[in-house]
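I'm starting a fresh page for a structure I haven't met before. My plan is to look things up one by one and jot down what I find.

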Amino acid sequence: MINMDKLDENIIKLLQDDLPLSQHPYKSWAEVQGISEEEVVERINKMLKNGTVRRMGAVLRHQKAGYGVNAMVAWRVDALSADKVGAIMAACKEISHCYWREVLPSFNYPLFTMIHARSEKELQSIIDRIVKETEIYEYVVLKSIKELKKTSMRYY
Amino acid sequence: MSGVCTGRKGLETMNKLDDLDRKLLDMLQNDFPITMDPFQDLAEALDTDLSDIAERIKRLKENGIIRRIGAIVEANKMGYTSTLCACTMPEESIDKFAAVVNNIPYITHNYVRDHELNLWFTLTTPSPEERGRIIKELQDQFHIIILCMPALKTYKIKVILGMD
């Protein structure tokens with residue numbers, strides 16, 4: 001765990017919400033904290049560098065952004081091939097997440113991907129392409145039928 | 001946001017966007033300026049002025065394309081542990097489960113999927129003990145078995161929706 005001081009915590013608290021849409025959006029907040037805007041920017045850069053903040057920017061709603069078909073696809077890959085296949089999956093721009101997971105024998109598809117497509121047809125062609133590139137033929141497509149909850153984690 | 005995941009509505013909203021909207025969405029995701037005046041800098045990079053950028057972002061938030069602009073925080077670095085969970089839930093209990101989950105801040109994503117394991121959610125907790133406690137409570141309340149599938153390796157995590 002990264003050593004964070006109170007100011008870093010407060011910056012995370014600020015940035016887990018929506019940044020005010022204004023000129024110098026950190027200015028009034030920085031004044032309340034008794035620091036300069038420069039320091040806020042410096043701290044954000046530091047947290048991007050050490051990985052506490054993975055990315056700064058916009059988070060979109062998939063469906064509204066034209067990506068109507070979002071599927072979790074889990075692949076049966078043996079542990080020895082995981083890194084090689086994982087690297088191929090990671091290079092695919094339509095894949096947002098790729099994890100090797102601990103699974104039970106009842107669901108033996110340990111390599112998980114999230115694929116975002118604009119149509120069913122596009123999803124299938126992405127899957128076909130991955131099958132061809134990885135030569136992994138056993139997979140299960142878990143399409144989302146209903147979104148019951150989708151939020152950002154709040155840490156403070 | 002909840003509802004059936006159909007793409008059509010999204011495509012209609014997207015079709016109304018002009019080139020500058022699309023470029024702006026790409027930059028907001030990929031190249032958000034880490035500066036004292038990020039929106040002004042975006043305006044300059046896109047050859048327009050701040051009021052135009054502000055108006056466009058406001059509209060993109062109103063029509064739901066942009067959920068928020070801020071930081072995407074890495075749970076592990078915050079000392080949290082995360083796992084994917086799945087279970088088989090009887091159809092008639094899904095609404096009740098959704099309501100319970102809505103009150104658990106540590107569950108951020110919850111989806112019905114077309115599989116025998118029909119309910120999939122993510123659980124991010126400050127400690128493994130807290131994870132165990134929540135899983136046990138849900139199992140007891142709904143008389144289900146929850147499979148936990150924590151990530152052992154991360155090959156990619158980058159949610160960027162291309163506008164091209």
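My notes below go from single chains to the contact between them.

Before anything else, I noted that this is a predicted model.

**Chain B, the parts.** I looked up the elements and found 6 helices and 7 strands in chain B. Walking along the sequence, I read the order as β-α-α-α-α-β-β-α-β-β-α-β-β. Chain B has a radius of gyration of 20 Å, while the globule rule gives 15 Å for 164 residues, so I put chain B down as more spread out than a compact globule. Its C-alpha trace spans about 60 × 35 × 30 Å along the principal axes. I also checked burial: 28% of the 164 residues of chain B count as buried.

**Domains.** Chain B splits into domain 1 (8-62) and domain 2 (76-149), and I got 35 Å between their C-alpha centres. For chain A, I wrote down domain 1 (6-49) and domain 2 (69-143). The centres of those two domains of chain A are 37 Å apart, taken over C-alpha atoms.

**Where the chains touch.** How many residues does the contact take from each chain? I found 75 from chain A and 75 from chain B. On the chain B side, strand β2 (residues 66-73) gives the most, with 8 residues. I sorted that side of chain B into 41 nonpolar, 21 polar and 13 charged residues.

**A shared pairing.** I then followed strand β3 (residues 95-101) of chain A, which pairs antiparallel with strand β7 (residues 151-157) of chain B over 5 bridges. My last look-up was A:Trp100, which stands opposite B:Lys153 in β7(B).

Terms used:
Residues are numbered from 1 along each chain as its sequence is written. Chains are lettered from A and ligands numbered from 1 in the order in which they are written. This is a predicted model: local features need pLDDT of at least 70, side-chain atom pairs count only at pLDDT 80 or more; totals for chains, interfaces and linings use all residues. Domain bounds come from an automatic or database domain assignment. Two residues are in contact if their C-beta atoms, placed from the backbone, lie within 7 Å. Helices (H or I, at least four residues) and strands (E, at least two) are DSSP runs, numbered from the N terminus. Ala, Val, Leu, Ile, Met, Phe, Trp, Tyr, Cys and Pro count as nonpolar, Asp, Glu, Lys and Arg as charged, and the others, Gly among them, as polar. Two strands pair if DSSP finds at least two bridges between them. The radius of gyration is taken over C-alpha atoms; the globule rule is 2.2 Å times the number of residues to the power 0.38. A residue is buried if 20 or more other C-beta atoms lie within 10 Å of its own, exposed if 12 or fewer, and partly exposed in between; C-beta atoms are placed from the backbone.
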